[in-house]
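Me: I'd like a close look at one part of this model. Could you pick out a side chain with a polar partner on the backbone, then work outward from there to the rest of the chain?

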Amino acid sequence: MFTPKYPTPDTAPATPVVRTPDAIHPPTVPLAPAPVPVASARPTVQLTPAAVVTVAVGGTTVVLVVGAVLVSLLLAVAITGASVAVCAVVLRSLLNQSGAGR
């Protein structure tokens with residue numbers, strides 16, 4: 001029941017094929033010389049020191065702006081959570097005062 005059932009091999013040769021080294025790797029003769037690589041039509045990018053400084057300053061600015069936005073979002077969530085907690089404490093104390101007078 002748990003033994004694998006393999007299909008009968010239909011592409012296997014009936015008799016074993018003996019291969020000689022020449023049959024496995026026949027000698028090759030190059031028919032044509034190797035192609036010479038062609039220079040790209042696109043201009044190469046050359047970074048000058050000013051370009052490197054510009055990229056560094058731009059990357060630093062992006063990191064600082066994204067960091068400031070994320071910190072401000074985190075601060076907004078923290079302030080909202082604290083204000084909801086204060087509101088819950090005030091409501092609980094008001095409900096306890098009104099229920100104690102009955």
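Reply: Let's start at Ser83, where a polar atom of the side chain sits 2.8 Å from the backbone oxygen of Thr80. Keep in mind that this is a predicted model. Ser83 belongs to helix α2, and its relative accessibility is 36%. That value puts Ser83 in the partly exposed class, because partly exposed covers the range between under 20% (buried) and over 50% (exposed).

Now slide along to Thr54, which is also found in helix α2. Here a polar atom of the Thr54 side chain lies 2.7 Å from the backbone oxygen of Ala50. Thr54 has a relative accessible area of 55%, so it counts as exposed, the cut-off being over 50%.

What else is on show? Have a look at Leu73, placed in helix α2, which spans residues 49-100. Leu73 helps make a nonpolar surface patch of about 530 Å², together with Val62, Val65, Val66, Val69 and Leu70.

Stepping back to the whole chain, you'll find two helices and zero strands. How much of the chain is buried? Of its 102 residues, buried ones make up 0%. The accessible surface adds up to about 10,100 Å², and carbon and sulfur atoms account for 73% of that.

So much for the tour; if you want one spot to revisit on screen, go back to Ser83 and its 2.8 Å pairing with the backbone oxygen of Thr80.

Definitions and conventions. Residues numbered from 1 in each chain as written. Predicted model: local features only at pLDDT ≥ 70, side-chain atom pairs only at ≥ 80, totals over all residues. Heavy atoms only, no water. Patch = residues over 30% accessible without salt bridge, like charges linked within 9 Å, V, L, I, M, F, W, Y side chains within 5 Å. Areas by Shrake-Rupley, 256 points an atom, 1.4 Å probe, with all protein chains shown as cover. Salt bridge = Lys/Arg side-chain N within 4 Å of Asp/Glu carboxyl O. Helix = DSSP H or I, 4+ residues; strand = E, 2+ residues; numbered from the N terminus. Buried < 20%, exposed > 50% of the residue type's maximum accessible area, 1.4 Å probe, protein only. Polar contact = N/O pair within 3.5 Å; in protein donor to acceptor, adjacent residues only side chain to side chain.
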